[in-house]
Amino acid sequence: MASFLLPPQPVASLDEYFERGGGAGLSRAQDLGPDGTIDELVRAGLRGRGGAGFPTGRKWSSVAGQRGTHHYAVCNAAEGEPGTFKDRALLRANPYQLVEGLMIAGLVVGATEAFIALKASFGREIDRVTAAVAEMQEAGICRDCPVTIVRGPDEYLFGEEKALLEVIEGGAPLPRLLPPHEHGLFATAPQLGWEAKDTEPGHGGRHESNPTLVNNVETLSNVTHILARGADWFRGMGTRDSPGNVVATVVGDVVAPDVGEVELGTPLRAVIDAVGSGLLPDRRVKAVFSVANPVIAADQLDVPVTYEDFAAIGSGMGAAGFIVFDDTACMVEVARQFSRFLYVESCGQCPACKRGSGEITGRLERLEAGAGTMADVDEIRSWLDKVTDGNRCYLAVEEQVVVASIVNAFADEFAEHIKFDRCPRPRPVVLPKLVDLAAGRATYDTDHVRKRPDWTYEPATAT
Ligand SMILES: Cc1cc2nc3c(=O)[nH]c(=O)nc-3n(C[C@H](O)[C@H](O)[C@H](O)COP(=O)(O)O)c2cc1C
Ligand code: SF4
């Protein structure tokens with residue numbers, strides 16, 4: 001299987017990018033025009049690689065067709081999900097294909113401006129993409145649609161598309177109510193039909209919804225190749241419902257955590273071996289997570305990595321960031337770590353999300369410490385039912401599905417903690433929020449354990 005997204009050697013300059021065939025996607029999109037380009041994407045069957053797998057052609061058609069005087073195109077390069085590093089790997093290897101894809105998106109939705117939003121802490125990737133945009137601007141490629149690089153905060157919610165727009169506008173990463181195609185960048189008001197309040201000054205007597213397209217780095221990188229080589233070429237890889245390749249991250253209890261491009265439809269077990277170099281000797285897989293979806297158990301490892309096959313086993317492929325736990329890991333501790341992460345990162349705009357994830361985390365802490373009872377497990381189940389009440393974004397659903405799946409699949413481990421009043425598998429478990437990943441070595445964010453639920457940090461203690 002040939003990789004086309006992650007070249008073996010990074011693309012060093014725009015000249016080199018052109019030598020390798022770069023630029024053909026945008027030319028073809030200019031020839032096809034917006035409708036023809038959307039048709040090509042629909043025929044290709046590309047699905048968004050940011051986590052939800054939404055059909056890209058359909059999304060572009062809906063933003064392009066939305067009324068509004070201004071449209072915008074945004075690349076989501078916030079990558080904050082534990083266990084994922086693929087967007088940073090793509091930005092390091094070839095930022096040009098992403099910028100070209102963003103230019104195609106801008107052309108199709110009629111964007112007056114485009115944005116690439118990354119965490120301010122992604123220094124290396126910011127340098128790469130800033131240089132690529134400058135070179136492409138110089139070469140006249142980004143002239144019709146200026147590109148602005150936005151440096152955002154480290155919060156997980158920054159990557160949520162409604163929060164991403166708030167950050168681009170200069171605000172905090174708090175998800176707004178309506179999706180970007182209905183309430184886009186710099187919109188003066190959401191278009192909810194009848195409006196009781198006065199229009200804002202300077203907007204010609206009407207509200208502006210500014211429909212905005214938000215796509216992930218990998219999605220936009222794929223667009224460039226699909227336009228250059230055609231939908232049929234793309235459909236030659238993967239399955240009918242999940243065509244193409246995917247850039248997978250494999251971390252956790254594996255020999256050499258890494259990022260690699262694999263064909264969709266490859267069994268999960270083979271992806272763990274090919275990308276993560278398999279497990280340590282004498283270890284077996286106990287659980288795999290593609291954050292933030294229900295757990296994949298040891299007897300499900302032959303599932304093909306596709307949207308439809310993961311859905312069929314009651315999980316989700318997410319952004320193809322696979323966190324592997326072997327048979328020495330404690331699943332109560334794994335549940336505690338996931339729950340705490342989501343509790344801390346929850347913004348609190350929806351009371352059930354912040355309070356519920358906090359209650360669940362507290363009870364998981366008691367159970368892991370050997371101080372819990374069955375009443376704690378019952379309370380966890382009860383809060384899991386309510387944690388999504390009135391949710392503005394999907395984070396609350398992540399808490400619900402991840403924790404519920406662990407409580408259900410590993411009920412025996414919860415019972416053991418209660419029976420023995422201690423953890424029977426005491427070993428460190430790391431929630432792999434990645435800071436760097438290269439040459440089989442993963443660097444995890446060690447500060448998150450000090451992050452408080454109000455997004456401040458406990459002072460670091462001297463060691
Ligand atoms: C809490 C949360 C965090 C997210 N973080 C990211 C992220 O870092 N990068 C990303 O592309 N999508 C992220 N998403 C998904 C985006 O909201 C959005 O669906 C995606 O950018 C759409 O792009 P796509 O259609 O190309 O997949 C996140 C969603 C949630 C609920
Ligand atoms: S669901 Fe949770 S994280 Fe999302 S907006 Fe509401 S409180 Fe914030």
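**View 1. Ligand 1 and the 19 residues that surround it.** Welcome to this predicted model, where we start at ligand 1 and its shell of 19 residues. The closest of them are Gly50, Lys59, Asn215, Asn216 and Thr219. Strand E4, residues 212-216, gives the largest share of the shell, three residues. Sorted by class, the shell holds five nonpolar, eight polar and six charged residues.

**View 2. Polar atoms beside the oxygen atoms of ligand 1.** Look for Thr219, where a polar side-chain atom sits 2.7 Å from an oxygen atom of ligand 1. Lys59 also brings a polar side-chain atom to an oxygen atom of the ligand, at 2.8 Å. With Arg49 it is the backbone that matters here: one of its N or O atoms lies 3.4 Å from an oxygen atom of ligand 1. On its own, ligand 1 would expose 620 Å², and the protein buries 91% of that area.

**View 3. Helix H3 crossing helix H5.** Here you can follow H3 (residues 56-65) and H5 (residues 95-109), whose axes come within 8 Å and cross at roughly 45 degrees. The two helices are therefore oblique to each other. From H3, the residues in contact are Trp60, Val63 and Ala64, and they meet Gly101, Ile104, Ala105, Val108 and Val109 of H5. This contact has seven nonpolar residues, one polar residue and no charged ones.

**View 4. Helix H12 alongside helix H15.** Now turn to H12 (residues 331-345) and H15 (residues 395-409), with axes that come within 10 Å and cross at roughly 170 degrees. That angle makes H12 roughly antiparallel to H15. H12 makes the contact through Met331, Val334, Ala335, Phe338, Ser339, Leu342 and Glu345, while H15 offers Leu395, Glu398, Glu399, Val402, Val403 and Ile406. By class, the residues of this contact divide into nine nonpolar, one polar and three charged.

**View 5. A cis peptide bond before Ala292.** Find the loop between strand E7 (285-290) and strand E8 (296-297), which is home to Ala292. The peptide bond leading from Val291 to Ala292 is cis, and its omega is near -5 degrees.

**View 6. Phe186 and its positive phi.** Our last stop is the loop between helix H7 (161-168) and strand E4, where Phe186 lies. Phi of Phe186 is near 60 degrees, a positive value in a residue that is not glycine. Strand E4 may be familiar from the opening view, as it supplies three residues to the shell around ligand 1.

Key: Residues numbered from 1 in each chain as written. Chains lettered and ligands numbered in written order. Predicted model: local features only at pLDDT ≥ 70, side-chain atom pairs only at ≥ 80, totals over all residues. Heavy atoms only, no water. Near = heavy atom within 4 Å. Polar contact = N/O pair within 3.5 Å; in protein donor to acceptor, adjacent residues only side chain to side chain. Areas by Shrake-Rupley, 256 points an atom, 1.4 Å probe, with all protein chains shown as cover. Helix = DSSP H or I, 4+ residues; strand = E, 2+ residues; numbered from the N terminus. Nonpolar A, V, L, I, M, F, W, Y, C, P; charged D, E, K, R; others polar. Axes fitted to C-alpha atoms, helices over the stretch in contact; angles between N-to-C directions. Parallel < 35°, antiparallel > 145°, perpendicular 65-115°, else oblique. Contact = heavy atoms within 4.5 Å.
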